[in-house]
Amino acid sequence: MRLYGIAVAFLAVAVLVGASAGAADLDPLGTAAALLDRLPFVHLPSGMSALDRGVLFQIRLPRVVLGALVGGALSLAGAGYQGVFRNPLVDSSLLGSSAGAGLGATVAIVALGGAASPAVPGAAFAGSLAGVALAYLAGVTGGPGTSTLLLAGLAVSLFLSAVQTYVLQRSSQDIQQVYSWLLGSLSAATWHQTVQILPYLAVAFAVVLLHGRHLDVLSVGDEESRALGLRPAAVRLVVVAACALAAASAVAVSGLIGFVGIVVPHAVRRLAGTSYRLVLPLSLLFGAGALVLADAAARTAVAPAELPIGVVTALVGSPAFVLILRTTRAVRT
C-alpha cells in the first residue's frame, strides 16, 4: 500500500505542476484550490480570476488529463508486453504498433492535405491495430514461441516503415507535417479527444490489469503454466490485444512517444519487484505522472516555443534505456 500511496502522490504532484506551469504561470496554491473545489463536497476559495480559471479548465486541464491517460496507456501496454514476452526490453514499437500508426497517419496527412484533418487520429488508430494484428498473425504462422512473435513484429515494423518512407517520397511537401506528428505532441488536446479515447482505454486497462496474476504464472514458463491450468496462447492473445488497444488509443491522439513503455515499467520493477499484480497498476500511475511532467517540460524548456514531447522523453529515456541494457544481465525469451 505504501507504493500505491507514493504513486498516487507522484501523479497528484505531476498534475499540479502540469496545470500551473506554462506560458501563463498560474499560482500553484490557487490552482490546487481550484482543482479541489471541483470535487464533491469540497468548497475552497481559489482567488483565481475568471481568465485564469478559463486557462486552467479549458486549456491546461484537458492537456494534463490527456497526457496522464496517454502516459498511463503507454506504460501499461509496455508492462503488459514485457510480461507476455518475459523480456524487459519490449514495448509496443517492436510489435508493429508504432510503425502502423505512423503509416496510417502519414497516409491520412498526405491524402487529406494536412495534420489538422480530423481523420488523422482515426487513421493512426486503425494503422496501429492493423500493424499489431499483422505481426501477431505472422508470428503465429511462423511457429510457436515468443521469439518468433518478436521477430515477426520487427519484420512488420520495418516493412511498414519502408512503405511510409515511400509515401513521403511521393509527397515531399508533407514531410514537415508528418514528422511533427511523429515526434509527438499534446498541444491540440481537448476534452473531446479525452472523451473519445476513454472507452477504449477503460476496456484495455481493465483487461490488462485483470491479467496480472496470469502474467505472473506465465513467467515460470509455458509448460509449468499449462500444468497449473493456464492456456499460455490464449492469455498472450488477450493481453497483446488489450495492450495494442491501449497503445493505439494513445498514439492516435498524441503521435509517437518513445521510451515511456520501456523505462517506466522497468523502474517500477526496481521498486515493487517482479509480480505483475503490482507492476501493472503502478506502471499505469507512474507512467501517467511521468508523461504529464514531460509535457510540462516540453512547454516550458524553450518558452514561448514548445518542444515536441517525444524529444523530451527521448532525452530522458535514452540514458535510462542504456542503463537498462547495462543492468539487465539476462533476458528471457
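How many aromatic pairs does the structure hold? The structure, which is a predicted model, holds 2 aromatic pairs. I shall present these pairs, then the nonpolar cores, and finally the pockets.

A pair of aromatic rings is described by the distance of the centres and the angle of the planes. Let us begin with Phe 10 and Phe 286. Their ring centres lie 5.6 Å apart and their planes meet at 40°, so this pair is tilted. Phe 10 belongs to helix H1, residues 2-20, and Phe 286 to helix H13, residues 276-300. The two residues are 276 residues apart, and the pair therefore links distant parts of the chain. Are these two rings buried or exposed? Phe 10 has a relative accessibility of 29% and so counts as partly exposed, whereas Phe 286, at 14%, counts as buried.

The other pair consists of Phe 125 and Tyr 200. This pair is also tilted, with 5.2 Å from centre to centre and 50° between the planes. Here, too, distant parts of the chain are linked: Phe 125 lies in helix H5 and Tyr 200 in helix H8, 75 residues apart. Phe 125 is buried, with a relative accessible area of 18%. Tyr 200, at 41% relative accessibility, counts as partly exposed.

I turn now to the nonpolar cores. The largest of them has 67 residues. Which residues have the most contacts inside this core? They are Val 70, Tyr 81 and Phe 85. If we leave aside the neighbours of Tyr 81 within four places in sequence, the residues in contact with Tyr 81 include Val 90, Leu 95, Val 132, Val 240 and Ala 244. There is also a second, separate core of 12 residues, with Ala 101, Val 178, Val 251 and Leu 256 among them.

The last topic is the pockets. The largest pocket has a volume of about 650 Å³. It is lined by 29 residues, and those closest to its centre are Pro 121, Trp 181, Gln 193, Ala 252 and Val 253. Helices H5, H7, H8 and H11 each give two or more residues to this lining. The lining comprises 16 nonpolar residues, 13 polar residues and no charged ones.

The second largest pocket has a volume of about 460 Å³. Of its 24 lining residues, Asp 91, Ser 93, Leu 94, Ser 98 and Gly 258 are the closest to the centre. Two or more lining residues come from each of helices H3, H4, H6 and H12. This lining divides into 13 nonpolar, 10 polar and 1 charged.

Terms used: Residues numbered from 1 in each chain as written. Predicted model: local features only at pLDDT ≥ 70, side-chain atom pairs only at ≥ 80, totals over all residues. Heavy atoms only, no water. Core = buried A, V, L, I, M, F, W, Y, C linked by side-chain atoms within 4.5 Å. Buried < 20%, exposed > 50% of the residue type's maximum accessible area, 1.4 Å probe, protein only. Contact = heavy atoms within 4.5 Å. 1 Å grid on protein atoms, 1.4 Å probe; cavity = no way out; pocket = protein on both sides within 12 Å on 5 of 7 lines; lining within 4 Å. Points joined across faces, edges and corners; volume = space filled by probe spheres on them. Helix = DSSP H or I, 4+ residues; strand = E, 2+ residues; numbered from the N terminus. Nonpolar A, V, L, I, M, F, W, Y, C, P; charged D, E, K, R; others polar. Phe/Tyr/Trp six-rings, centres within 6.5 Å; stacked < 30°, edge-to-face > 60°.
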